[in-house]
Structures are given as C-alpha cells and as structure tokens.
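Biologist: Hey, got a minute to walk me through this one? I'd like to start with a helix and then jump around a bit.

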Amino acid sequence: TELMDKQAELTSRRNALLQQLEEAYFPWSEKVEQQLKDSFNLSKFRPLQLRAINLTLLGKDLFLVMPTGRGKSLCYQLPAVCSTGFTLVVTPLVSLMEDQIMYLKSIDVSAAMLNASINKESVKTVMAGMTDVKSPFKLLYVTPEKIAKSKLFMSRLEKAYNANLLSRIAVDEVHCCSQWGHDFRPDYKLLGILKRQFPKVPLLGITATATSSVLKDCEKILCVSQPITLTSSFNRTNLYYEVRKKNSDNEASISDIASLINSKYKDQSGIVYVFSQKDAESVSTELQKRDILAYPYHANMDPQDKSRVHHKWTSNKIRVVVATVAFGMGIDKPDVRFVIHHTISKSIENYYQESGRAGRDDHPADCIVYFGFSDIFRISTMVVMENTGQQKLLQMVDYCQNFDRCRRSLMAVHFDEMWNEEGCNQMCDTCHCITVDITQHARQVVQILELAASNNEKMTPLKLTDAWMGKGPAKHRKMIQTTTLSRLKAEAVIVQLLLRGYLREDFSFTPYTTYIYIKLGRKAPLLKSQAHSLTMKMRTTESEPAEVSKVHIDAPQESYSQSFCMCLRCACVYEYSIQQLRNVSY
Ligand code: ADP
Ligand code: MG
Ligand code: ZN
C-alpha cells in the first residue's frame, strides 16, 4: 500500500503540473491565442490541445493519443505557425496530405509536400525552401518513404537542422511504427533516424489508436526517451452502441438494415460497413432497390470514383456509403448519424475506429453491429496470417455475444480505460433499461400458484410460465389471468420475483434427478396490500441474445440449483439463466 500511495501521489502531482500548463503564461501564449482565432478561425481549445501545444513549444517530446476527429492536427499546425523555420510532418497517406494542404491553403497557412506524385520542378523548389531563412512554408508534409529512402532529402533536412530551421517533427498515425498496432507500415520502422540525427528537435507522435504497449514500442522505434504521453478519454458519450442478430438469410439481413435506415434515419447520412468489395457492390444495389440513396466504396474502385462518392456524400447528395474498411482515414463529416456494420469488424479497436465516424458533431448518433455466425469464419480466414488476428477477432465476437455487460465497459479495456455504467449513461443496448411497474404481473403469478396449491398441484418453472401465458390445461385458463407479456419478459418477471423473495424454489430429490418447483416466497403476502408496489428494470429492446451458445453454466444440468446460483452472481439472470431453465429436463 505504501507503494500505491506513492504512485497515487506522483500521479496527482503530475496531473497538477499538467493542469498548470494550461494556465501558465508563456512567451508564446499571446501569439498562440491570436493565431487560434485569426488563422484557424476557432474560438477555443478542445480538451488537451493547449496542453499539448505548450509542451511541444517548451521543446518536450510528446505522444498525443486522442480519438479521431478531436483535433490532433491543430496541436502541430498551430505551433508551426508560432515558430521560426518549418515543421516536418510525416503522414502515411498521400490523400491525407492533400486534404491537409488544401485545408491549410484555405486558411492562408503556407505548406508544402513531398511524395511520389510531385513533379521534379516542385521537388526542387521545396528542397530549396527547406534551407531558406525566410521559410516559404511553415509545414512540410512527407511520406515515411522519403525519410527512409531519399538520401537527397535527408541531406537537405540535415542542412535545415544545422541552420536551426527544422523547428519540430510531427509523426502522424504514430502507431504505424509498431507491429503490435493494427496498421503497421514498414517504412515507419525506419523513422528512428530522425531523433538520432536531430536530437534537439522536439518530436510529437500522434495517434488515435494506441494501447500503452504499442506506445512503448513506438517510443523505442522512434528513439525518443521518456516522452510525455497525453491521453484523452476515448469515451464517446454521444454514441449509442447496439448489437443485433444478423439474419442468416442474406436478402433478409439487408432488408433489416434497409428498414432500419428508412424508419429511424430518414434523410440522415451514414455508413454501412461491409466485409468485401463484392458485398459493397451488392449491398448498395439492394439498398438502392429499397429506396435508399446508397453508393459503394472500396479499394478497387478507381480514384476518381472514390473521391466522387466521398464528395457527394460529404455534400449530402448521397445518403449512405456502403464501404469496406478502405473508407476510413481522412473522413471528417461531422453529421454522420449512424454507422451500421453489416459484418462485424476484425477487432474491437477497428470497430471503435469505424463506428467512431458517427457523431463527430457531438450530437447523438448510433453504432449498430449485425452479428452473424458465419461472418466470424469469413473474417477468421482473412486474419489468419496476422499475429494476434484470431485473438482480436474473438474479442470482437465476445463483444457481440455479451448481453449482460455495458458495451462501453467492454470497449474501454482495449484503451486501458475504465468506464462504468455511469460513463455510459444508458447509451448502449445493455444499459438501456426502463423501469416498469410489475405489481399486477406479480399478483397474477401469485394467484396461479395459490390456485395450484389449493389443488395440491406442484408447479415447475416451465409449467408456471406456460400457465401464465395461457398455455396450460384449459381448466386452469378459465380461473386465472393470463399475461400479455412476451415469453422473454414473462420469464424475466418470474426471475425477478424469485430474486426478490416473492417466489422461492422448492427442491425434491430422487436418486436420479432433482426436481424444482416454484412456491410462494416469504414476501408474497405483501402483494395482498393494495398499497404495495413493485418495479423492475427491463431492457427496451426485445431482441433475443444473438445465440445462447455462451453458456454460463458449467455444472451438470441436474444440479440446477447450483447452476442457478452461479448465474445469480453474474448479472445475466434475465437472459441466460432463463434460457437454461428452458433447457433443463424437469
Ligand atoms: P484528428 O486528426 O484528431 O482526427 P483533425 O485534426 O483532423 O482531427 O480535426 C478534426 C476536426 O475538428 C477539424 O474539422 C477541425 O477543424 C476541428 N477542430 C479542431 N480543433 C478544434 C477546436 N478547438 N474547436 C472546434 N473545432 C476544432
Ligand atoms: Mg488526423
Ligand atoms: Zn452501457
């Protein structure tokens, strides 16, 4: 505990220091504030931005981990305009680079880029600009290949460094360094040369997806020693997470998606993620047949078509993009109201990224996965070559199979975070409950049991439920009130009454098996009073768990009482134990 106290104290001192970074006045503070408004047209910083900017301007090496769309770029673009010389930005994709250059042009910040598609003349100009004391550009975007493979470029960089014109290095998508990340790029592995050659230049590594072990790996590869890591919470509180069972019939599964889109997201824009290029084509065709303005997007389309679809979607001329994971980086549409997965993602990290394209404007948006049995194996064959592919896929499957834990809490583990149900605020299907009054239901159940008792009849759980649902012998039906609840809900009520002592179990042992009957519990008489009322929380979604293959109960079926207790301990009583109840041989 002494060690833990020390740890806690250190953490709190560190947090206090970091806090001060936002309040302290630095020589550049005024300029930073002014540029934010005048150049970038923004009114205030988002969480962590100012902290990161001050740290990098102090010359610290920094890793910045922030969800996509939160504004990581500003953390190097703004320091770049406030420093002499230029900032080198390493970016994995030419398209990302072009987007950024276009954006910077539009706000009058000078920027240049070097990649394979730049003509010789421009390359010359840019190379010359690198050592120009007047710094014709504040940001220079390059692909990692440039650094790994171009000696000419490295020698220019060396010159710039010696002339104190290389003010900062930003490595975007820094997780690409690590093989343990989800998007390893071999050329990133060679970026360690930057810190070795230019030790005085502060480095800023940026990512939206790195666990602490991936970051440790990046630290080694980039040769930075003990960088400060700033991590913002990954909890996207405005996103509602839900898992639905995928219809095994292909047509029907698409119809489900179409009717969801047509009913819930009329005139709103969204993404449907699919597994393959073929799926992208076929699903979009099927959605079109069902009156949805949907277009496919995948890696095999020619670049013009791709950017046309992207553009039309961004400008709301088409509503839905049916895409493979190729539709990802660089998407920055604020008002995406739904991201539907026609097929599960290959890992939770990927799912978080893909679904996270919803609700960038901080308004509510939905993330829905359709979970189908055969999809598991389609993806499994795809990830078979990846080191931890199977393991990650199974975690995704577990996310989908889980119907008793908050979806956020399942996701948080992958970001080294803890989100409890408060952090969810009922914004996932497993947390989303309503409180219903079950007093009348309880009275009906009690009445059935009283009647049975007066006839000397013993009621098994199954018999009780059947009778209540009007499926018992005809002579009973006349004398009792049957329920209008669905079977799942009726069972949930009975379990609830058992848990709260209005009902109890009664066991009868024979040498071969154990019989279980339901009897009135000690609290049953309370229901006689009209003033007594009883409520319970119920899921609002009626959907059954995807499969009941996740068996919580390891004990042999005949020892039912023991297995029931095991189930009581986990929170899954509604869904699973009752499924087991059905399967028990009475
Ligand atoms: P990331 O790299 O983290 O995915 P970007 O840097 O591309 O995100 O920024 C995403 C969007 O957020 C951009 O449209 C940007 O203009 C906007 N943005 C960034 N910082 C702020 C801020 N402080 N206030 C409002 N919008 C911001
Ligand atoms: Mg970015
Ligand atoms: Zn939840």
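Modeller: Sure. Keep in mind that this is a predicted model. Let's take helix α13, where V309, H310 and W313 are buried.

Biologist: Why do those residues sit on the same side of α13?

Modeller: The three of them, V309, H310 and W313, span an arc of only 95 degrees around the axis, which puts them on the same side of α13. In general, an α-helix has 3.6 residues a turn, so residues three or four places apart point the same way.

Biologist: OK, and which residues are exposed on the other side of α13?

Modeller: P303, Q304 and H311 are exposed there.

Biologist: What covers the buried residues of α13?

Modeller: The cover includes three strands: β9 (269–273), β10 (294–297) and β11 (320–323).

Biologist: How many residues does α13 have, and how far does it reach?

Modeller: Twelve, running 303–314. From first C-alpha to last, α13 reaches 16 Å, close to the 16 Å expected. Just after α13, N316 takes a positive phi of about 60 degrees.

Biologist: Switching topic: which residues come nearest to ligand 1?

Modeller: R46, T68, G71, K72 and S73, out of 13 residues around ligand 1.

Biologist: And how does that shell divide into nonpolar, polar and charged?

Modeller: Four nonpolar, five polar and four charged.

Biologist: Last one, zooming out: how many helices and strands in the protein?

Modeller: There are 24 helices and 17 strands. Of the 586 residues, 39% are buried. And among contacts between residues at least 6 apart in sequence, 74% join residues at least 24 apart.

How values were computed
Residues numbered from 1 in each chain as written. Chains lettered and ligands numbered in written order. Predicted model: local features only at pLDDT ≥ 70, side-chain atom pairs only at ≥ 80, totals over all residues. Near = placed C-beta within 6 Å. Nonpolar A, V, L, I, M, F, W, Y, C, P; charged D, E, K, R; others polar. Helix = DSSP H or I, 4+ residues; strand = E, 2+ residues; numbered from the N terminus. Expected span 1.5 Å × (residues − 1). Buried ≥ 20, exposed ≤ 12 C-beta atoms within 10 Å, placed from the backbone. Arc of directions from axis to C-beta. Contact = placed C-beta atoms within 7 Å.
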